[in-house]
Amino acid sequence: MKLLLTLSFDGTNYCGWQIQPNGMTVQQRLTDTLTQILGSRPTVNGCSRTDSGVHARRFCCDFIIPEGKEHMSDKLMHALNALLPPDIAVLSCEEKPDSFHARFDCKGKEYRYNIRLGTRSPFTEKYSYPYRRDIDDELCRRALTCFVGEHDFCGFMSAGSCIKGSTVRNIYKAELLRNGNDVTFAVSGNGFLYNMVRIICGTVLAVNEGKLDADSLPHIIDEGKRMLAGPTLPAKGLFLWDVFY
């Protein structure tokens, strides 16, 4: 039986989602807990590879529950939430066909980057980027629209990134949301390159600061050179907000 888990997690204390040898990850913590409950170690497939320090409001993963343990599926969510640390929560657990794959069946994702203007707040410090300037909402919205559509985003991934296949991605929506001093850049698309959203957001802030011209963004995208885009913003402001199937 294949199960789909939907998680929410605070990525502050983790080296991203995917298991790696140099630090604790969300995937390792979840897999260790599933092993404790099921008595055998499952292979857990995630919908995405979130970077170190990145959070998730909604993250999906799948695994096969061992034969003979199917009866545990109804209580699995409650068992996981009892044993997982407070910074990881299971929101739902549902059965899926054996052919389902959390990553390959994903049709798109939405990321949101949170920015806190003005005075720092202890209640948002772990989940937003402190920004001392004001933001020109209309200018930033104009900059964000330049990323919408299908483009080769090779200039918007970290230099030295190893990627197999195409760097072309389709951005469905890129918008600015404001609630007083809290500003959010929301970007959704069919896929994202390594650090792509954080670089897009850094580029928009560079436009806001007058370091780049909004009208130059189509050219910067077409050139495909990392040095032409803006900085990579810190991980703590980024959330995987939603996953679409």
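Colleague: Let's start at Trp241. Where does Trp241 sit in this fold?

Modeller: Trp241 belongs to strand 10, which covers residues 238-244. Bear in mind that this is a predicted model.

Colleague: Why is Trp241 called partly exposed?

Modeller: Just set the value against the cut-offs. The relative accessible area of Trp241 is 24%. Buried means under 20% and exposed means over 50%, with partly exposed in between. The 24% falls between those two limits, so Trp241 is partly exposed.

Colleague: And what does Trp241 touch, leaving aside neighbours within four places in sequence?

Modeller: Contact means heavy atoms within 4.5 Å. By that test, Trp241 is in contact with Arg57, Arg58, Glu110, Tyr111 and Arg112. Take Tyr111: it is 130 residues from Trp241 in sequence, yet the two C-alpha atoms are 5.1 Å apart in space.

Colleague: How do you know that the chain has many contacts of that long-range kind?

Modeller: Here's the number: among contacts with a separation of 6 or more, 70% join residues 24 or more positions apart.

Colleague: Okay, on to Asn195. Where is Asn195 found, and what stands out about its phi?

Modeller: Asn195 is in the loop between strand 9 (182-189) and helix 4. Its phi is positive, about 65 degrees, although Asn195 is not a glycine.

Colleague: Does a loop residue like that count as buried or exposed, and what makes it so?

Modeller: Same recipe as before. Asn195 has 10% relative accessibility, and the limit for buried is under 20%. Since 10% is under that limit, Asn195 counts as buried.

Colleague: How much of the whole chain is buried?

Modeller: Buried residues are 49% of the 245 residues.

Colleague: Which residues touch the most other members of the largest nonpolar core?

Modeller: That core has 70 residues, and Leu30, Phe156 and Phe185 touch the most other members. Helix 4 (residues 196-208) gives this core its largest share, eight residues. As for Leu30, its contacts beyond four places in sequence are Leu5, Leu7, Trp17, Val44, Cys61, Leu80 and Leu84.

Colleague: Zooming out, how many helices and strands are there, and why is the chain called as compact as a globular protein of its length?

Modeller: There are five helices and 10 strands. For compactness, compare two numbers: the radius of gyration is 19 Å, and the globule rule gives 18 Å for 245 residues. The two are close, so the chain is as compact as a globular protein of that length.

Conventions
Residues numbered from 1 in each chain as written. Predicted model: local features only at pLDDT ≥ 70, side-chain atom pairs only at ≥ 80, totals over all residues. Heavy atoms only, no water. Helix = DSSP H or I, 4+ residues; strand = E, 2+ residues; numbered from the N terminus. Rg over C-alpha atoms; globule rule 2.2 N^0.38 Å. Buried < 20%, exposed > 50% of the residue type's maximum accessible area, 1.4 Å probe, protein only. Core = buried A, V, L, I, M, F, W, Y, C linked by side-chain atoms within 4.5 Å.
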